[in-house]
Amino acid sequence: MAATNETSFPERNRGWYQDDLTEINGPIRKLLENYSKIPSSEVVKHVNSIRERGFAANPYPCIGLYRFTNLTLLSHPLYNTIIERLNVANATYLDVGCCFGQDLRQLVQDGVPSDRLIGLDVAGALMDLGYDFFLDREALRSCFVVADVFKGAEQGPVWTDLEKRGVDVMHCSAFFHLFTLEDQIFAAKNLAKLIKKDGVIVGRQIGSVKPGDVPAIKDKSLSYRHNVDTFNNMWQKVGEATQTQWKVEGTMDMIGININSPVENEDSRRLLFTVTRIV
Ligand SMILES: C[S@@+](CC[C@H](N)C(=O)[O-])C[C@H]1O[C@@H](n2cnc3c(N)ncnc32)[C@H](O)[C@@H]1O
């Protein structure tokens, strides 16, 4: 599996480190003011400081370009259904590649009991920084799991406990698009084993009207961008390999796409998806 971040080449990474924000609007400001109780006048400084510390730990475009300030789950058409689903006892939500855990905190703010929510990321430092971002280290009852999706069950209980518990709703945003198609299939097979029957995987990622490989964020490596058909094909392969069946629904649009950004171009689209385990 190709590494997804590269700290030995800081000049390249600076290409996706935009200037500090001077204003922060929308749902994330509301969340920081209402959930984290950060005074309105402090929000911009707080977000810039977390971005700086996060980028020092992992120089991802989603951090350098402040994409973490977009609450992507909130914009998913199933958001209200997801809330209802998670308000049932024993329901489990898993946010794969959760980074600071911003979408998880929005669910808590919207009334989901926090002990039903789990964040998972290979980078423990980013999840830890999430507590400083949202100022909830003492209050939040969610658990954050440091695990590598590619290692799956070989990591032992950290993963096999998730397999036993089973997941009703998995959020997977800006995750698959980090990898080659072969690696995406490998990762999806591990994730498929965590989902209960009738469970869903929802998310957004960068798609393309010309599906195929593009340069990845690690220098000299590639990642694969899907359209809805290729994403569906991938899940049919995952189903065959795991004796499961999946219904894939998706849309592509220009929301949040900036064709002048270092990681997007005129072929890029937002791919919003729902993958339901039907068998
Ligand atoms: C581009 S960020 C997306 C963060 C967040 N989901 C969002 O939409 O803002 C990708 C995240 O996936 C995590 N990640 C990368 N490879 C991983 C792996 N093999 N296993 C688990 N997490 C991984 C990274 O540490 C990072 O936090």
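User: Before we start, what counts as being near the ligand here?

Analyst: A residue is near a molecule if one of its heavy atoms lies within 4 Å of it. Keep in mind that this is a predicted model.

User: Okay. Which residues come nearest to the ligand?

Analyst: There are 20 residues around the ligand, and G97, D121, D148, V149 and S173 come nearest.

User: What sort of residues make up that shell, by class?

Analyst: The shell has 14 nonpolar residues, along with four polar and two charged ones.

User: Where does G97 touch the ligand, and how far apart are the atoms?

Analyst: A polar backbone atom of G97 is 2.7 Å from a nitrogen atom of the ligand. V149 also uses its backbone: one of its N or O atoms there lies 3.1 Å from a ligand nitrogen. With D148 the side chain is involved, and an N or O atom in it is 2.8 Å from a nitrogen atom of the ligand.

User: And how much of the ligand does the protein cover?

Analyst: On its own the ligand has 600 Å² of accessible area, and the protein covers 97% of that.

User: Switching to the backbone. What is the phi of Y66?

Analyst: Y66 has a positive phi, about 60°, although it is not a glycine. Most residues other than glycine have a negative phi.

User: Where is Y66, then?

Analyst: Look in the loop between α4 (61–64) and α5 (79–86). Y66 has a relative accessible area of 2%, so it is buried.

User: What about C99, what phi does that one have?

Analyst: C99 has a positive phi of about 60° and is not a glycine either. You'll find C99 in the loop between β1 (93–96) and α6 (102–109).

User: Is C99 buried or exposed?

Analyst: Buried, because its relative accessible area is 8%, and the cut-off for buried is under 20%.

User: Now aromatics. How many aromatic pairs does the structure hold?

Analyst: The structure holds 17 aromatic pairs. Take Y35 and F134: their ring centres are 6.3 Å apart and their planes are at 70°, so the pair is edge-to-face.

User: Which parts of the chain does that pair link?

Analyst: Distant ones. Y35 is in the loop between α2 (27–34) and α3 (43–57), F134 is in helix α7 (residues 124–134), and they are 99 residues apart. Y35 is buried at 17% relative accessible area, and F134 is buried at 0%.

User: How do the rings of F150 and F179 sit?

Analyst: Edge-to-face, because their planes are at 75°, with the centres 4.9 Å apart. This pair also links distant parts of the chain, 29 residues apart: F150 is in the loop between β3 (143–146) and α8 (157–165), and F179 is in the loop between β4 (167–171) and α9 (181–192). Both F150 and F179 are buried.

User: Which aromatic cluster is F150 in?

Analyst: One formed by F150, F175, F176, F179, F186, F231, W235, W246 and F273.

User: What sits over the ring of Y17?

Analyst: The charged end of R51, 3.7 Å from the ring centre.

User: Last one. Where is H171, and what does its side chain contact?

Analyst: H171 is in strand β4. Its side chain makes a polar contact with the side chain of D95, at 3.2 Å. H171 counts as buried because its relative accessibility is 1%.

Technical notes. Residues numbered from 1 in each chain as written. Predicted model: local features only at pLDDT ≥ 70, side-chain atom pairs only at ≥ 80, totals over all residues. Heavy atoms only, no water. Polar contact = N/O pair within 3.5 Å; in protein donor to acceptor, adjacent residues only side chain to side chain. Areas by Shrake-Rupley, 256 points an atom, 1.4 Å probe, with all protein chains shown as cover. Nonpolar A, V, L, I, M, F, W, Y, C, P; charged D, E, K, R; others polar. Helix = DSSP H or I, 4+ residues; strand = E, 2+ residues; numbered from the N terminus. Buried < 20%, exposed > 50% of the residue type's maximum accessible area, 1.4 Å probe, protein only. Phe/Tyr/Trp six-rings, centres within 6.5 Å; stacked < 30°, edge-to-face > 60°. Lys NZ or Arg CZ within 6 Å of the ring centre and 35° of its normal.
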